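Here's a quick walk through one structure, taken a piece at a time. Have a look at the model first, then read on.

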Amino acid sequence: MAGAADRGAYDLGGVLDVDRLRSVPSGTALLISGPAMTGKDGLLQSFLADGLSRSEAALAVTTSGTAEGFVDDIRERAEFEGRALSVVDCRAEGSRESQELEGGSHVHRVSDPADLTSIGVCITEALDRVDVGGYDRGRFGLTSLSTMLTYTDEKTVFKFCHVLASRLDGAGFVGLFTIDESAHDQQTLQVLKQNFDGQVQLREREGQREVRVRGLGGDPSPWRVL
C-alpha cells in the first residue's frame, strides 16, 4: 500500500526500538491494537510527538476528549512549532468549523464521529494546510476506529480507512490508527486489518504492558515490555 509519493522512510524507532520501525516507507498505514487500558492512545501520541520533534507535520483525528486536551498531551511529550499540528475533533458541538488555537495549532471540529464525510473533508483541508505550510513529511493518527464502529457499520469504516490510507499514501504521510481489540469480533478485526501494512500489538501480562510488531516484511517481533 506504501509508495505512491515516496518521500523517504520514516524512523519510528525513537518510540519503539524495533529494527523494522527504523525505516518505514512513506505511505505506510499501521494499526495499533490491543485491549482497553493498554496504552494505545498514549503510544499513538508518542509517535506523533516524535515526528513533530523531527520537524515533521502531524495530523490527528480524535473521537473522544477535546482537541485542546489532545494538543496539551502532545506538548507534554515534545516541543514543536504549533502550526505543524492539526487536530480534527469529532465530538464538537454545532456545525463543522475550524479555528487556530493559542500556540498556532489548528483545529477542525465535527459534531459526530459517524459523519465520516465531514471528517474526510477536514482531513483534506488539514493536509492542504500542511502542504501550504511547507511541510513535505508528516504523521497521521486516528483514535479510535472502535468509536467509529460504535456509531457506524463495519463496511463504512472499512471503506473510510481504505480511502484515507490512499490519501495519506499520496501525501507521503505515515498513518497510525488505534483499535480496541476486545470490543470487536475476530471477523470485524480481520476485515479492517486488510487496510494496513503492519500492526503494533499491545497486551498486559503480570501487570506489565508488552508490545510487538507484526507485518512490515517480517515475522512478528518478540513480545517486549513497553
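## The largest pocket

Let's start with the largest pocket, which is lined by Leu116, Thr117, Gly120, Ile123, Thr124, Phe160, Val163, Leu164 and Arg167. Bear in mind that this is a predicted model. The space inside the largest pocket comes to about 160 Å³.

Which helices each supply at least two residues of that lining? They're α3 (116–132) and α5 (154–171). The biggest share of the lining comes from α3, which puts in five residues. Sorted by character, the lining of the largest pocket has five nonpolar residues, three polar ones and one charged one.

## The sheet

Now for the strands. There's an open sheet of 10 strands with mixed pairing, and its order reads β4-β5-β3-β2-β6-β7-β1-β8-β9-β10. At the edges sit β4 (97–100) and β10 (224–225), each of them pairing on one side only.

Zoom in on strand β3 (residues 85–89): β3 and β5 run parallel, with four bridges joining them. If you'd like a spot to find by eye, look for serine 86, which stands opposite histidine 106 in β5.

## Arginine 109

Stay with β5 for a moment. This strand covers residues 106–109, and arginine 109 is part of it. Is arginine 109 buried or exposed? Its relative accessibility is 9%, so arginine 109 counts as buried, the cut-off for buried being under 20%.

The side chain of arginine 109 has a partner, too: a polar contact of 2.8 Å links it to the side chain of glutamine 99. Glutamine 99 falls within the range of edge strand β4 (97–100).

## Alanine 57

Over in strand β2 (residues 57–62) you'll find alanine 57. With a relative accessibility of 0%, alanine 57 counts as buried because the limit for that label is under 20%.

What does alanine 57 touch, leaving aside residues up to four places away in sequence? The list is Leu52, Ala84, Val130, Tyr135, Arg137, Gly138, Arg139 and Phe173. One of these, Val130, lies within the range of α3 (116–132), the helix that gives the most to the lining of the largest pocket.

For a longer view, take alanine 57 together with valine 200. In sequence the two are 143 residues apart, and in space they're 22 Å apart, C-alpha to C-alpha.

Definitions and conventions. Residues numbered from 1 in each chain as written. Predicted model: local features only at pLDDT ≥ 70, side-chain atom pairs only at ≥ 80, totals over all residues. Heavy atoms only, no water. Buried < 20%, exposed > 50% of the residue type's maximum accessible area, 1.4 Å probe, protein only. Polar contact = N/O pair within 3.5 Å; in protein donor to acceptor, adjacent residues only side chain to side chain. 1 Å grid on protein atoms, 1.4 Å probe; cavity = no way out; pocket = protein on both sides within 12 Å on 5 of 7 lines; lining within 4 Å. Points joined across faces, edges and corners; volume = space filled by probe spheres on them. Nonpolar A, V, L, I, M, F, W, Y, C, P; charged D, E, K, R; others polar. Pairing = 2+ DSSP bridges. Contact = heavy atoms within 4.5 Å.
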